[in-house]
Amino acid sequence: MSIEDRVRELNGGTYAKKSYSVEEVQAILGITRQTVYKLIKQGCFQAVMLETGYRIIKTSFDKWLDNE
């Protein structure tokens with residue numbers, strides 16, 4: 001069971017996504033992994049480094065994507 005599934009189960013079936021993985025941003029934008037890392041380095045949106053890699057803050061990414 002994934003972490004997302006476990007959180008959804010604990011919250012009674014509801015789960016609001018708070019962050020994206022590099023792979024998710026890559027798929028959303030249709031760009032390479034390297035380009036996602038460049039955007040993170042340029043500060044286009046907020047990201048945090050965890051043991052498993054970067055997590056991109058959803059609200060920050062969504063605002064950037066909407067040009068806000």
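Which residues in α2 meet which residues in α4? In this predicted model, Val25, Ile28 and Leu29 are the residues of α2 that meet Phe61, Trp64 and Leu65 in α4. Sorted by class, this contact of α2 with α4 has six nonpolar residues, with no polar and no charged ones.

The arrangement of the two helices can be described through their axes, which for helix α2 (residues 22–29) and helix α4 (residues 58–65) come within 13 Å and cross at roughly 20 degrees. Because angles under 35 degrees count as roughly parallel, α2 and α4 are roughly parallel to each other, and their crossing is right-handed.

Helix α3 (residues 33–41) has two sides that can be set out by exposure.

| Part of α3 | Residues |
|---|---|
| Buried | Val36, Leu39 and Ile40 |
| Exposed, on the other side | Gln34, Lys38 and Lys41 |

Seen down the axis of α3, the buried residues fall within an arc of 100 degrees, and so they line one face of the helix. A general property of helices helps in reading this pattern: an α-helix has 3.6 residues a turn, so residues three or four places apart point the same way. The cover over the buried residues of α3 includes the helices α2 and α4, together with the strands β2 (47–50) and β3 (53–57). Thus α2 and α4, which are in contact with each other through residues such as Val25 and Phe61, are also among the elements that cover the buried residues of α3. Just after α3, the chain reaches Gly43, which takes a positive phi of about 80 degrees.

Key: Residues numbered from 1 in each chain as written. Predicted model: local features only at pLDDT ≥ 70, side-chain atom pairs only at ≥ 80, totals over all residues. Heavy atoms only, no water. Axes fitted to C-alpha atoms, helices over the stretch in contact; angles between N-to-C directions. Helix = DSSP H or I, 4+ residues; strand = E, 2+ residues; numbered from the N terminus. Parallel < 35°, antiparallel > 145°, perpendicular 65-115°, else oblique. Left-handed = near helix turned anticlockwise from the far one by under 90°. Contact = heavy atoms within 4.5 Å. Nonpolar A, V, L, I, M, F, W, Y, C, P; charged D, E, K, R; others polar. Buried < 20%, exposed > 50% of the residue type's maximum accessible area, 1.4 Å probe, protein only. Arc of directions from axis to C-beta.
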